[in-house]
Amino acid sequence: MGQSSFLMTLFTLSLGVIVFSGSVSAQLKQNYYANICPDVENIVRQAVTAKFKQTFVTVPATLRLYFHDCFVSGCDASVIIASTPGNTAEKDHPDNLSLAGDGFDTVIKAKAAVDAVPRCRNKVSCADILALATRDVINLAGGPSYPVELGRLDGLKSTAASVNGNLPQPTFNLDQLNKMFASRGLSQADMIALSAGHTLGFSHCSKFSNRIYNFSRQNPVDPTLNKQYATQLQGMCPINVDPRIAIDMDPTTPRKFDNAYFKNLVQGKGLFTSDQVLFTDTRSRNTVNTWASNPQAFNAAFIQAITKLGRVGVKTARNGNIRFDCGRFN
């Protein structure tokens, strides 16, 4: 995917402006650190692999962290910043409280490994380390490997308020999903491919309980939900369930990055409304059917989508720097 295909677009979001421009995305390149920290990809991969061996949660936690970072103010590691008495940061917004600590820990450990090499110390951004770690966890879970564009700077701001209205919700319909992704330069196909991140990880019962207990007066259970699957979900998530209980989002291969997500949608086993709508809405159904039967086509589309995601809101020297500590501003 050449830079020329990335249109110069300016989108105004509810809280500020994210700029997608030829000049900003042009600062990203695959060999950005070749003369600065030539072994950075191996260093990050070793740290991520060590973390992965400790807990599989490393995979969905890191992937989700990257998505939540890029969608709010761009891919600038602002989601990793800790709150201070004078500022409630992004990570403490209600929509981010379910981000697993293992994602943050993965980036912090990889950053420490990079900074342990004298020539690399304080030369590689937390935002780039998160982008590399995301590729590595996807690959460790059986997904594709792909070249990562690098050259992002870390953001200088992180506020909980900036998260409002900037993350897709589990109740979204296709129009809402398309609008939110389009405002970040991502197509419907990109949105469907990135939604497949739900082939990994888990969700709390409260995020989908409306579909299995009180969907509507006529249908207590969402009729687009596979009946057997709905019964299973009710068994795992009884009405007064402990809010901390979480279940696998992919009921078939929850520890594998694969195209099972789309096969599940065809069978009515999308956990969220925002998942199942990709099959129930005729405008997106063909894409779901294609990727359910063609894993290679899905992998290619996913690589394209996550590469475009990585270009969202990239910071330049004017509005970014390289953090010494990923969790606080310099």
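## Exercises on a predicted model

In UniProt, an unreviewed entry gives the annotation "binding site" to Asp 69, Val 72, Gly 74, Asp 76, Ser 78 and Glu 90. Keep in mind as you work that the model is a predicted one.

### Exercise 1: the annotated group

Task: Work out whether these annotated residues are scattered or gather at one spot, then place Asp 76 and Glu 90 in the chain.

Solution.

Step 1. The group spans 22 residues in sequence, yet no two of the C-alpha atoms are more than 12.3 Å apart, so the residues gather at one spot.

Step 2. Asp 76 sits in the loop that runs between helix H3 (58-71) and helix H4 (101-115). Glu 90 also belongs to the loop between H3 and H4.

Step 3. Now check accessibility, with buried meaning under 20% relative accessible area. Asp 76 has 1%, so this residue is buried. Glu 90 has 0% and therefore counts as buried.

Step 4. Finally, look at the partners beyond four places in sequence. For Asp 76 they are Asp 69, Ala 127, Leu 153, Asp 154, Gly 155, Lys 315 and Arg 323. Glu 90 has a list that includes Val 72, Ser 78, Asn 96, Lys 157 and Ser 162.

### Exercise 2: a lysine that touches Asp 76

Task: Lys 315 is in contact with Asp 76; find where Lys 315 lies, and decide if it is buried or exposed.

Solution.

Step 1. Lys 315 is in the loop between helix H13 (295-309) and strand S6 (320-321).

Step 2. The relative accessible area of Lys 315 is 12%, so the residue is buried.

Step 3. Beyond its neighbours within four places in sequence, Lys 315 contacts Gln 27, Ser 73, Gly 74, Asp 76, Leu 153, Gly 155 and Gly 320. A polar atom of the Lys 315 side chain also lies 3.0 Å from the backbone oxygen of Gly 313.

### Exercise 3: two other annotated positions

Task: UniProt (unreviewed entry) also places a "binding site" at Pro 168 and at His 198; describe the surroundings of Pro 168 and of His 198.

Solution.

Step 1. Pro 168 belongs to the loop between strand S3 (154-155) and H6, and with a relative accessible area of 23% it is partly exposed. Not counting residues up to four places away in sequence, Pro 168 touches Phe 67, Phe 71, Leu 177, Met 180 and Phe 181.

Step 2. His 198 is located in the loop between helix H7 (188-195) and strand S4 (202-204). Its relative accessibility is 25%, so His 198 counts as partly exposed. Leaving aside neighbours within four places in sequence, the partners of His 198 are Met 249, Asp 250, Tyr 261, Phe 272 and Asp 275.

### Exercise 4: how H7 packs

Task: Describe how H7 is arranged against H6 and against H13, and say how many of the residues of H7 are buried.

Solution.

Step 1. Two packed helices are described by the angle between their axes and the distance between the axes.

Step 2. For helix H6 (residues 174-182) and H7, the angle is about 105° and the axes are 9 Å apart. H6 and H7 are therefore roughly perpendicular, as angles of 65 to 115 degrees count as such. Leu 174, Leu 177, Asn 178 and Phe 181 of H6 make the contact with Gln 188, Met 191 and Leu 194 of H7. Sorted by class, this contact has 5 nonpolar, 2 polar and no charged residues.

Step 3. H7 and H13 pack at about 105° too, with axes 8 Å apart, which makes H7 roughly perpendicular to H13. From H7, Asp 190, Ala 193 and Leu 194 meet several H13 residues, including Phe 298, Phe 302 and Lys 308. The classes here are 8 nonpolar, no polar and 2 charged residues.

Step 4. H7 is mostly covered, as 6 of its 8 residues are buried. The buried ones are Asp 190, Met 191, Ile 192, Ala 193, Leu 194 and Ser 195. Their cover includes H6, helix H10 (260-266), helix H11 (273-280), helix H12 (282-293) and H13.

### Exercise 5: Gln 188

Task: Which residues does Gln 188 contact beyond its neighbours within four places in sequence?

Solution.

Step 1. Gln 188 is part of helix H7 and is partly exposed, with a relative accessible area of 24%.

Step 2. The contacts of Gln 188, beyond those neighbours, are Leu 174, Asn 178, Arg 283 and Ser 284.

Step 3. One polar detail completes the picture: a polar atom of the Gln 188 side chain lies 3.0 Å from the backbone oxygen of Arg 283.

Note on methods. Residues numbered from 1 in each chain as written. Predicted model: local features only at pLDDT ≥ 70, side-chain atom pairs only at ≥ 80, totals over all residues. Heavy atoms only, no water. Helix = DSSP H or I, 4+ residues; strand = E, 2+ residues; numbered from the N terminus. Buried < 20%, exposed > 50% of the residue type's maximum accessible area, 1.4 Å probe, protein only. Polar contact = N/O pair within 3.5 Å; in protein donor to acceptor, adjacent residues only side chain to side chain. Contact = heavy atoms within 4.5 Å. UniProt positions renumbered as here; feature names shortened; annotations may be inferred. Axes fitted to C-alpha atoms, helices over the stretch in contact; angles between N-to-C directions. Parallel < 35°, antiparallel > 145°, perpendicular 65-115°, else oblique. Nonpolar A, V, L, I, M, F, W, Y, C, P; charged D, E, K, R; others polar.
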